[in-house]
Amino acid sequence: MAVKEVIRMGHPVLRKVAETVKPEEIQTKEFKQLLQDMLDTMKEQKGIGIAAPQIAVSKQVALIEILSQSERYPEAEESELLVIINPVLTTLDETTQGFWEGCLSVPFLRGFVERPRKIKVDFLDINGNAQSLEIEGFLATVFQHELDHLFGKLYVDRITDTTKLAYQEEYIQFHENNDVTE
Ligand code: ZN
């Protein structure tokens, strides 16, 4: 168990394009330790995803795990634990959908972000095997949010209407049940 510090907006590592992972690196002890640290940190923070740059490791790897009992995102459907290495994202449907996003690196805030509703992601999995997934709905937003972290972007960069950037408490009080999300 190694919970790492999650770095926050303003830390320069969050603004760098992360390095791609070499395929031979994936089976190493060090890399497995990185994945374990990311998982431990994500669980401790009750996140549904985490990217290596968020623990100050500038490598192209992200984890996504949506559990049905997620406190932060009760609308989410369940997914298995996905390890995403060196992802390449393709938009399959430009039609956007909006969700209120949050981020472990931008604590206490929520912001409404519109993103393409359907994407394809090509990546290497935990065994270094090439995978391709077509993803839509809320999970497509989660993927785009996490993958943004690997390219130096934060969800706040994607907010087009800054009147929909709120503190968590005000979000719950004024917005949670009032905004159409799709
Ligand atoms: Zn984030």
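**Strand pairing, zinc site and aromatic cluster in the predicted model**

Strands β2 and β3 run antiparallel and are joined by four bridges. The structure described here is a predicted model, and residues are numbered from 1 along the chain as its sequence is written. Within the pairing of β2 with β3, Ala 62 stands opposite Ile 84 of β3. On the pairing of β3 with strand β4 (residues 106-124), 13 bridges are found, and these two strands also run antiparallel; a hairpin of two residues leads from β3 to β4. One of the positions that can be named in this pairing is Gln 97, whose bridge partner in β4 is Arg 115.

The zinc ion is bound by three protein donors, namely SG of Cys 103, NE2 of His 145 and NE2 of His 149, which lie 2.0 to 2.3 Å from the ion. The spacing of the donor residues along the sequence is C-x41-H-x3-H. Both histidines belong to helix α2 (residues 138-149), where His 145 and His 149 are four residues apart, about one turn of the helix. In an α-helix there are 3.6 residues a turn, so residues three or four places apart point the same way. His 145 and His 149 are both buried.

Three aromatic pairs are found in a search of the whole structure. In one of them, Trp 100 and Tyr 171 adopt a tilted arrangement, with 5.0 Å from centre to centre and 45° between the planes. Because Trp 100 lies in strand β3 (residues 82-103) whereas Tyr 171 lies in helix α3 (residues 168-175), this pair ties together parts that are 71 residues apart in sequence. Trp 100 counts as buried, since its relative accessibility is 4%, and Tyr 171 likewise counts as buried, at 8% relative accessibility. Ring pairs link Trp 100 and Tyr 171 with Phe 112 into a cluster. Over the face of Phe 112 lies Lys 164, at 4.5 Å from the ring centre.

Helix α1 comprises 16 residues (29-44) and reaches 22 Å from its first C-alpha to its last, which is close to the 22 Å expected at 1.5 Å a residue. The buried residues of α1 include Phe 31, Leu 34, Leu 35, Met 38, Leu 39 and Met 42, and also Asp 37, Asp 40 and Thr 41. Among the elements that cover these buried residues are β1 (49-51), β2 (61-64) and β3. After α1 comes Lys 46, whose phi is positive, near 55°.

Conventions:
This is a predicted model: local features need pLDDT of at least 70, side-chain atom pairs count only at pLDDT 80 or more; totals for chains, interfaces and linings use all residues. Side-chain values use heavy atoms; hydrogens and water are left out. Rings of Phe, Tyr and Trp (its six-membered ring) pair if their centres lie within 6.5 Å; planes under 30 degrees apart count as stacked, over 60 as edge-to-face and the rest as tilted. Buried means under 20% relative accessible area, exposed over 50%, partly exposed in between (1.4 Å probe, protein chains only). A charge sits over a ring if NZ of Lys or CZ of Arg is within 6 Å of the ring centre and within 35 degrees of the ring normal. The expected span of a helix is 1.5 Å times one less than its number of residues. Contact means heavy atoms within 4.5 Å. Donors are N, O and S atoms within 2.8 Å of the metal (3.2 Å for Na, K and Ca); water is not among the atoms, so sites may look incomplete. Two strands pair if DSSP finds at least two bridges between them.
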